[in-house]
Protein chains: 2
Amino acid sequence: MTNEQRLIDGALRAWKCNEERIEKFFRPLSEEQLQQEIMPGRNRLIYLWGHIAAVNDALFPLLGLGPKRYPDLDTMFLKNPDRTVPEIYTGREVARAADEINRGLWTAFTQWTTDEWLQKHTTVSAEDFAREPHRNRFTVVVGRNTHMAFHLGQAILTRPRAA
Amino acid sequence: MTNEQRLIDGALRAWKCNEERIEKFFRPLSEEQLQQEIMPGRNRLIYLWGHIAAVNDALFPLLGLGPKRYPDLDTMFLKNPDRTVPEIYTGREVARAADEINRGLWTAFTQWTTDEWLQKHTTVSAEDFAREPHRNRFTVVVGRNTHMAFHLGQAILTRPRAA
């Protein structure tokens, strides 16, 4: 491995670690358990899980990987607060969407060369990117990883505390 | 900037972003506000803030940067649950510790060459590191950044929700 590959590998390990923790937390929950609020009046677990999936799905267009795989997630879990959209995905549906999104992203992440990682993301102009080269795919993905951790920390609060 | 520097820069931006969000959240709180629990029976804000500082302080020895700056944080905010240690730092004391820890880490982070970033951390043996070169400083720091986000997500739940 070159130094560049080692740096990318470090970031990808952190991504995978979070992705797996999220899967391990949410996937075993029943539909009923997913209705639990993280705190009274706050988001339900199903909303947090769908929200993480929606935000990751938005990486496809942002990183130049084509359209969102599950654009409906946006309305249900991103643009509107929890409980304001009459019909949202079940846990089983979120699980399937998250799985496809994660696999699609991982395929790209593990194939890009360093130069591809350092390409601009799609919402920055070539002109702005010349001045601000940090607006690249790698920075986006590292930041999005902390987004996953942020909400995982919230979801985990629903776990009964060890005595 | 070389490609290597750009990759490191991307990770450092994510670190700085989290560090600043944490500062911005906790520092304006009064000692009384810091006594608030994130949920009934769970950690108080002062504990979360001290915990983040303690875990970051542990990076000094782990990354070969000398001893912990505030080893007392460990007992108060890491090894023992909240409310089990009779005397803990005040918010003002945590603020000062966090500030010194963050500045010390940032100085190292912004000075290391790529080779220095990819050196092994101190708790892996040279032999294991030869087999597992991902156990380097860069991977540690990227992972520790998600630790900050994880707890920031929890702390933010104490904010009144916008109507």
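## Where α8 of chain A meets α1 of chain B

Contact here means heavy atoms within 4.5 Å. By that measure, in this predicted model, Phe138(A), Thr139(A), Val142(A), Thr146(A) and Phe150(A) of α8(A) touch α1(B) through Leu7(B), Gly10(B), Ala11(B), Arg13(B), Ala14(B), Asn18(B) and Arg21(B). Sorted by class, the residues of this contact are 6 nonpolar, 4 polar and 2 charged.

As for geometry, the axes of α8(A) and α1(B) lie 8 Å apart, at an angle of about 35 degrees. The crossing of α8(A) past α1(B) is right-handed.

## The two chains together

Let's step back to the whole interface. Chain A gives 37 residues to the contact, and chain B gives 37 residues too. Between them the chains bury about 3,400 Å², with 64% of that area on carbon and sulfur atoms. How many salt bridges are there between chain B and chain A? The count is 0.

## α8 of chain A against α9 of chain B

Residues 137–155 form helix α8 in chain A, and residues 137–155 form helix α9 in chain B. The axes of these helices come within 7 Å and cross at roughly 45 degrees, so α8(A) and α9(B) are oblique to each other. In this pair, α8(A) passes α9(B) in a right-handed crossing.

On the chain A side, the contact is made by Phe138(A), Asn145(A), Thr146(A), Ala149(A), Phe150(A), Leu152(A), Gly153(A) and Gln154(A). From α9(B) come Phe138(B), Asn145(B), Thr146(B), Ala149(B), Phe150(B), Leu152(B), Gly153(B) and Gln154(B). This contact of α8(A) with α9(B) holds 8 nonpolar and 8 polar residues, with no charged ones.

Phe138(A), Thr146(A) and Phe150(A) are worth finding in the viewer: these residues of α8(A) take part in the contact with α9(B) and also in the contact with α1(B).

## The α1 helices side by side

Helix α1 covers residues 3–26 in chain A and residues 3–26 in chain B. The two α1 axes are 9 Å apart, and the packing angle is about 15 degrees. Why do α1(A) and α1(B) count as roughly parallel? Angles under 35 degrees are classed that way, and therefore α1(A) and α1(B) are roughly parallel to each other. Their crossing is left-handed.

Asn3(A), Glu4(A), Leu7(A) and Ile8(A) from α1(A) meet Asn3(B), Glu4(B), Leu7(B) and Ile8(B) from α1(B). By class, this contact of α1(A) with α1(B) has 4 nonpolar, 2 polar and 2 charged residues. Leu7(B) also appears in the contact of α1(B) with α8(A).

Definitions and conventions: Residues numbered from 1 in each chain as written. Chains lettered and ligands numbered in written order. Predicted model: local features only at pLDDT ≥ 70, side-chain atom pairs only at ≥ 80, totals over all residues. Heavy atoms only, no water. Axes fitted to C-alpha atoms, helices over the stretch in contact; angles between N-to-C directions. Helix = DSSP H or I, 4+ residues; strand = E, 2+ residues; numbered from the N terminus. Parallel < 35°, antiparallel > 145°, perpendicular 65-115°, else oblique. Left-handed = near helix turned anticlockwise from the far one by under 90°. Nonpolar A, V, L, I, M, F, W, Y, C, P; charged D, E, K, R; others polar. Buried area = accessible area lost by both parts, 1.4 Å probe. Salt bridge = Lys/Arg side-chain N within 4 Å of Asp/Glu carboxyl O.
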